[in-house]
Amino acid sequence: MPYLVCKKCGGYYQLQEGESPDDFYGKCNCGGDLKYVESLEGDTLINLESQELESQELESQELESQESNSVIVLESQESNLSKGLKSQEEPPIYDDSRLQTDSKNNKILSSNLFRISLIIGLITLLIISIGLIAAKNDSDHVLNLNIYEKYSDEEINTFLESAFSPDDYGNSYDKVGKWNINVVRIRVVGSPTSEDLKTLNNAINDINANVKDFQLKIDDKNQLEADMEIYFVPHSEFTRFSIDPSKVDGFTEWKVSTSGIYGGNSAGEIFKSRIFIGIDGLSQKRRSHVIVHELAHGLGLHHNHNHNSVLSVNGPDLTEFSDLDNTMIRILYREDLQPYMSRGQVETVLNNSRGSFF
């Protein structure tokens, strides 16, 4: 019968009937390579006792660091060699209970990770939603913080004069007049200069930056009827509206009902307004003043006698809103001041907003 002999330690194993060298790993337990021989002759025979002792020492060291999962073929007089021979066809032995425990733990871990991911996703979605709502509120100017503002006596008195006192045409204003919508769409008509449009846009930006519950927006491309129309026309056009062009360089009309009739009193909720700017016989500075002056009228304010305001009667030709004007516009568009409120009601509200020295 043939043998497998270790080249290193000299141990050997006699192949049994039906066995082949391919059935073994080709390594002895000592780490030496195996050699196939037909028979044991001459120098091939070695002192097995001394070799077996050395092999056992090596085996004890090897077993401390490794776990064997294969069946090892043992022979009494060939233990040196057979300890290191493993059948390639022998399946490994698994701890099934451990696999079941690991599988269960993996399922629990996966479930927990899914729940954590779901919670994080919901929190992220909530944060994004809040951000979008806040951004929309800011862009649409629906968040009104003006009610917490404090005003000086000059600011309150000038506002009350602009909102209620009779003007120089004999009109009396006994009710608050203001827009009650979020966006006032403006259509520009006629022949404005580039400087006219620059002045108009700057004034609109000032209003939008100061008032937080509505905005003005030039929207010439909208096919619907505009909320506010601003006409840049020759003075001669004023006579069509029974206005003496020799007396004014611009004027404003309001529609405060659904009847379709424009008038000179803004008392109540403003539905529409028309502003007219004379373009002939005026310097650019004067035209710029008229634009800002009439735009303030378009919001619902009237004249006053404070020379720090663009609405001052016979005042300087201011070409942009002053700090006083911006404050009056914020007061008018407080959310606790409603269209049709009387002077007494407004004074009650504003007395609680007067500035204090303490």
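Reader: What makes F159, L216, I230, L295 and V346 stand out in the largest nonpolar core?

Author: Happy to start there. In this predicted model, those five touch the most other members of the core, which has 46 residues. Eight elements, α4, β5 (183-190), α5 (194-210), β7, β10, α6 (284-299), α7 and α8, each supply at least two residues of this core. Helix α6 gives the most, with six residues.

Reader: Which residues does V346 touch, once those up to four places away in sequence are set aside?

Author: They are F159, L160, F164, V176, L337 and M341.

Reader: Which residues belong to the second core?

Author: That core is separate and has nine residues, including L4, C9, F24 and C30.

Reader: Why is C9 called buried?

Author: The cut-off for buried is under 20% relative accessible area. C9 has 12%, so C9 is buried. C6 passes the same test: its relative accessibility is 3%, so C6 counts as buried too.

Reader: How do you know that C6 and C9 do not form a bond, and what distance separates their sulfur atoms?

Author: A disulfide needs two cysteine sulfur atoms within 2.5 Å. The sulfur of C9 has its closest cysteine sulfur in C6, at 3.5 Å, so the pair is too far apart for a bond. By this rule the count of disulfides comes to zero.

Reader: What surrounds C6, and where does C6 lie?

Author: C6 lies in strand β1, residues 3-6. Leaving aside neighbours within four places in sequence, C6 is in contact with G11, C28, C30, G32, D33 and L34. For C6 and L34, the C-alpha atoms are 4.5 Å apart in space, while the two residues are 28 apart in sequence.

Reader: Let's turn to charged pairs. What makes E149 and R330 a salt bridge?

Author: The cut-off is a side-chain nitrogen of Lys or Arg within 4 Å of a carboxyl oxygen of Asp or Glu. The closest N and O atoms of E149 and R330 are 2.6 Å apart, so the pair qualifies as a salt bridge. This pair links distant parts of the chain, 181 residues apart: E149 is in the loop between α3 (96-140) and α4 (153-164), and R330 is in helix α7 (residues 323-332).

Reader: Why do E149 and R330 fall into separate classes, buried or partly exposed?

Author: The line between the classes is 20% relative accessible area. E149 has 21% and counts as partly exposed, whereas R330 has 14% and counts as buried.

Reader: How do you know that R354 and D153 meet in a salt bridge?

Author: The N to O distance is 2.6 Å, so the pair satisfies the 4 Å limit. R354 is in the segment after α8 (343-351) and D153 is in helix α4, so this bridge also links distant parts of the chain, 201 residues apart. Partly exposed runs from 20% to 50%. R354, at 27%, is partly exposed, and so is D153, at 47%.

Reader: Why is the pair of K272 and D227 called a salt bridge?

Author: Their closest N and O atoms are 4.0 Å apart, and the limit is 4 Å. K272 lies in strand β10 (residues 272-278) and D227 in the loop between β6 (215-218) and β7 (228-233), so the pair ties together parts that are 45 residues apart in sequence. Both residues are buried, K272 at 15% and D227 at 9%. The two also belong to a network of salt bridges with R185.

Reader: How many salt bridges, helices and strands are there altogether?

Author: The structure holds 12 salt bridges. The protein has eight helices and 10 strands. Buried residues make up 39% of its 358 residues. The protein exposes about 20,700 Å², with carbon and sulfur atoms supplying 51% of that area.

Reader: What share of contacts join residues at least 24 apart?

Author: The share is 68%, taken among contacts between residues at least 6 apart in sequence.

Reader: Where is the pLDDT below 50?

Author: Two such stretches are residues 43-53 and residues 136-145. The model has 14 contacts for 43-53 beyond near neighbours in sequence, and 19 contacts for 136-145 beyond four places in sequence. The protein averages a pLDDT of 79, and 73% of the residues score at least 70.

Methods: Residues numbered from 1 in each chain as written. Predicted model: local features only at pLDDT ≥ 70, side-chain atom pairs only at ≥ 80, totals over all residues. Heavy atoms only, no water. Helix = DSSP H or I, 4+ residues; strand = E, 2+ residues; numbered from the N terminus. Buried < 20%, exposed > 50% of the residue type's maximum accessible area, 1.4 Å probe, protein only. Contact = heavy atoms within 4.5 Å. Areas by Shrake-Rupley, 256 points an atom, 1.4 Å probe, with all protein chains shown as cover. Core = buried A, V, L, I, M, F, W, Y, C linked by side-chain atoms within 4.5 Å. pLDDT = per-residue confidence, 0-100.
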